[in-house]
Amino acid sequence: MPLALFLFLFSAVAIYAACEFFVNGVEWVGYRLNLGATAVGTLLAAFGTALPESAVTFVAVVFGSTPGQKDIGVGAALGGPLVLATLAYAVVGLAVWRRSGRAGGDRRVMAVNQQRLARDQAWFMAIFVAKVALGVLVFSWKPWLGLLFLLAYGCYVKRELAVSEGAADAQALEPLKLRPHDSSPGMSWALVQTLLALLVIAVASHVFVQQIEAIGIWAGASPHITALLLSPVATELPEIMNALIWVRQGKERLALANISGAMMIQATIPSSLAIFMTPWHLDTPLLTAAAMTMLSIGFLWISLRRGAMRVAPLATVGLAYLAFIGFVLVYFGV
């Protein structure tokens with residue numbers, strides 16, 4: 001157990017340190033590709049940090065030899081969006097509130113493109129409702145519908161790239177960590193740093209998830225609780241770390257765009273894998289997770305659409321995850 005605790009803390013620190021290099025590198029990659037800040041967050045950063053949880057679903061549903069192992073993949077496909085829609089957004093709200101308080105400011109309304117983020121939430125809700133609906137229906141050709149979710153993500157990427165938004169000014173970017181004295185590092189250096197950071201994030205996330213599971217077993221948590229509560233939080237840690245780093249740098253737009261883009265990936269790619277390889281039949285805990293996700297996203301969509309998303313309400317969406325924890329503990333008689 002002491003080794004598990006050490007590896008748990010060490011991998012968490014490694015993920016945070018690697019995320020520092022990742023967010024720095026991915027901003028320079030986006031600059032070299034002439035992408036706007038929002039597209040950097042929703043596409044580049046989100047795709048990179050979504051790899052660990054997508055890998056969990058892939059391994060579970062493709063190589064899982066028992067129904068229980070495949071259930072872990074289905075749980076990850078539903079648990080990931082729940083964590084992002086509740087805890088990740090709440091972390092951003094709390095971090096912005098804390099940062100503005102230290103600066104002596106009064107940050108009540110989020111200084112981001114709320115209409116664009118509202119459209120992202122609408123895309124997510126439409127796709128998420130469709131995949132949950134499939135989870136309560138039974139028919140033989142359901143697996144083929146997984147292709148539609150991949151197509152939906154392709155359409156989302158096309159839309160993000162089509163939005164006109166100039167690239168960030170190089171002077172506004174922090175120096176590339178691998179080339180701190182180079183005022184204009186090339187694409188190759190930015191890619192090397194970004195990919196190396198992603199590799200460390202992937203390895204450290206894998207170790208982190210293993211230690212979460214080991215600690216859960218040691219604490220007497222059932223496999224269902226581990227799959228529904230612990231593993232999703234662990235696999236979404238890179239997005240949360242990225243958000244904290246960007247908020248610390250005063251880049252709330254990138255923080256929220258990263259979460260929004262990661263949610264779109266979670267709603268499509270892992271779900272398509274699970275629909276291809278499993279019966280995709282959702283039980284009561286998974287349907288409750290879906291309901292809590294929709295409750296949080298619905299609230300965010302209404303607030304963002306009105307342009308009235310404030311810091312304090314954003315921080316409170318984490319309460320939906322606390323409610324889900326309470327439900328799971330009661331449901332499994334813990």
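This note sets out points on the fold, the nonpolar cores and one helix pair of a predicted model.

1. Basis. Local features in this predicted model need pLDDT of at least 70, side-chain atom pairs count only at pLDDT 80 or more, and totals for chains, interfaces and linings use all residues. Residues are numbered from 1 along each chain as its sequence is written, and side-chain values use heavy atoms, with hydrogens and water left out.

2. Fold. The protein chain has 13 helices and zero strands (DSSP runs, H or I of at least four residues for helices and E of at least two for strands, numbered from the N terminus). Of its 334 residues, 52% count as buried (under 20% relative accessible area, 1.4 Å probe, protein chains only).

3. Cores. The largest nonpolar core (buried Ala, Val, Leu, Ile, Met, Phe, Trp, Tyr and Cys residues joined through side-chain atoms within 4.5 Å) holds 87 residues, of which Tyr89, Val92, Trp280 and Phe324 touch the most other members. Helix α4 (residues 67–102) gives the most to this core, with 13 residues. A second, separate core of five residues includes Trp28 and Leu173.

4. Phe324. Beyond its neighbours within four places in sequence, Phe324 is in contact with residues including Leu82, Leu228 and Met292 (contact: heavy atoms within 4.5 Å).

5. Helix pair. The axes of α5 (residues 114–135) and α10 (residues 252–277) come within 10 Å and cross at roughly 20 degrees (lines fitted to C-alpha atoms over the stretch in contact, with angles from 0 to 180 degrees between N-to-C directions). Therefore α5 is roughly parallel to α10 (angles under 35 degrees).

Technical notes
Buried < 20%, exposed > 50% of the residue type's maximum accessible area, 1.4 Å probe, protein only. Parallel < 35°, antiparallel > 145°, perpendicular 65-115°, else oblique.
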